[in-house]
Amino acid sequence: MSHASTRPPETGSWEALQRELFEEDLKHAPVIHPAVLKESPIIEVDNFSLWYGTKQVLYNITMAIPRGKVTAIIGPSGCGKSSLIRSFNRMNDLLDGVRYEGDIRVDGQSIFSPSQDVIELRKRMGMVFQKPNPFPMSVFENVVYPLRIDGVRNRAVMEQVCRRTLEAAALWEEVYDRLHKSALELSGGQQQRLCIARAIAGDPEVLLLDEPCSALDPVATAKIEDLFDSLAGRYTLVIVTHNMQQASRVSDFTALLYMGRLLEFGPTVEVFSRPKLRTTEAYITGRFG
Ligand SMILES: Nc1ncnc2c1ncn2[C@@H]1O[C@H](COP(=O)(O)OP(=O)(O)OP(=O)(O)O)[C@@H](O)[C@H]1O
Ligand SMILES: [Mg+2]
């Protein structure tokens with residue numbers, strides 16, 4: 001492990017340097033900063049590997065997601081970030097040819113145990129995707145959808161939850177006069193905030209957010225980042241992002257995945273200011289991805 005800065009290669013390419021650093025770092029990985037281990041975990045990933053058909057995309061990931069905190073998952077495109085967080089609520093089950101080894105526990109219970117109710121698991125682990133996916137129904141019906149699934153029929157309760165979650169998602173002011181119009185008429189950024197409101201309306205314990213701001217402008221992004229701030233504590237947030245500023249602004253902890261491996265996981269301030277692996281340093285300073 002070294003704090004030495006990454007010099008440009010005298011000969012050869014950035015790719016060669018990247019490969020060399022990675023191979024060296026892999027001998028030490030994963031580097032888990034001690035502060036992470038002091039947290040109370042909500043999700044425990046235990047020696048977890050994942051394959052799509054014959055292609056292995058996650059390798060022996062072991063990490064504990066701190067309860068009530070915001071954890072950012074960063075890493076180059078294709079390193080397995082989405083595959084990992086889709087495993088947390090068994091969304092990967094919906095794909096053909098997926099195989100895994102190892103375990104993932106939520107509150108100490110294996111999510112793969114035969115007694116695990118997958119619908120219940122997905123309710124506890126709300127998910128927001130990169131591309132907003134409002135249902136083709138009104139704004140109101142989108143937000144209260146999780147309540148309807150739960151059999152809530154009380155109009156006053158639904159109206160209350162609708163207002164509260166739209167306010168939390170910083171969308172109320174923009175939509176209160178068109179709650180009964182189609183959600184598909186909203187702008188992309190509004191649709192994304194609507195999807196976040198819908199996820200919160202289900203009252204999950206964990207919000208899994210896969211690049212939730214990548215289609216948003218800076219104003220909508222700032223609103224959503226404020227929302228994450230206000231949700232932390234009550235909820236556990238796991239956010240995949242390519243935006244290093246966003247990771248450092250919103251998260252308490254940051255995990256770097258690289259080619260399907262967990263390389264480094266620690267408090268965000270430490271990972272960003274004093275990374276322990278040279279690959280981490282090179283990645284967060286934008287020298288390669
Ligand atoms: N349904 C699938 N079937 C087969 N291979 C897949 C599938 N989904 C993802 N992969 C492969 O698994 C690897 C990891 O993909 P994943 O989407 O998890 O990466 P990522 O880190 O989220 O990337 P990005 O930053 O581009 O979203 C990639 O090589 C990808 O091509
Ligand atoms: Mg992804």
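Which residue of β9 does A72 stand opposite? The partner of A72 is I239, and that pair is a handy way into this structure. First, some ground rules. This is a predicted model, in which local features need pLDDT of at least 70 and side-chain atom pairs count only at pLDDT 80 or more, while totals for chains, interfaces and linings use all residues. Residues are numbered from 1 along each chain as its sequence is written, and chains are lettered from A and ligands numbered from 1 in the order in which they are written.

How far can you trust the picture? The chain has a mean pLDDT of 91, with 95% of its residues at 70 or more; pLDDT is the predictor's confidence in each residue, from 0 to 100. Residues 1-5 are another story, with pLDDT under 50 throughout. Where pLDDT is low, the predicted coordinates should not be read in detail.

Back to A72 and its strand, β4, which covers residues 70-74. (Strands are DSSP runs of E, at least two residues, and helices are runs of H or I, at least four, numbered from the N terminus.) Five of the five residues of β4 are buried, so the strand is largely enclosed by the rest of the structure. Buried here means that 20 or more other C-beta atoms lie within 10 Å of a residue's own, exposed means 12 or fewer, and partly exposed is in between, with C-beta atoms placed from the backbone. In a regular strand the side chains alternate between the two faces of the sheet. In β4, both faces are covered, with V70, A72 and I74 on one side and T71 and I73 on the other.

β4 pairs with β9 in the parallel sense over four bridges, and strands count as paired if DSSP finds at least two bridges between them. Strand β10, residues 253-258, also pairs with β4 in the parallel sense over four bridges, and there I73 has A255 as its bridge partner.

Now look along β9 (residues 236-240), where you'll find V238. V238 is buried because 26 other C-beta atoms lie within 10 Å. Leaving aside neighbours within four places in sequence, its contacts (C-beta atoms within 7 Å, placed from the backbone) include T71 and I73, along with V206 and L208.

Elsewhere, four strands form an open antiparallel sheet in the order β3-β2-β5-β6. β3 and β6 stand at the edges with a single partner strand each, so one side of each has no neighbour in the sheet. β5 (residues 98-106) meets β6 over two antiparallel bridges, and V106 has Q109 as its bridge partner in β6.

β3 also helps to surround ligand 1: β3 (55-66) and α3 (81-88) each supply at least two residues of the shell. α3 gives the most, with three residues. Among the residues around the ligand are Y52, K55, G80 and K81; a residue is near a molecule if its C-beta atom, placed from the backbone, lies within 6 Å of it.

Finally, a few backbone oddities. Most residues other than glycine have a negative phi, and most peptide bonds are trans. N60, in strand β3, has a positive phi of about 45°. D203 sits in the loop between α8 and β8, with a positive phi near 50°. The peptide bond from A29 to P30 is cis, with omega near -5°, and P30 lies in the loop between α1 and β1.

Note on methods: Two residues are in contact if their C-beta atoms, placed from the backbone, lie within 7 Å.
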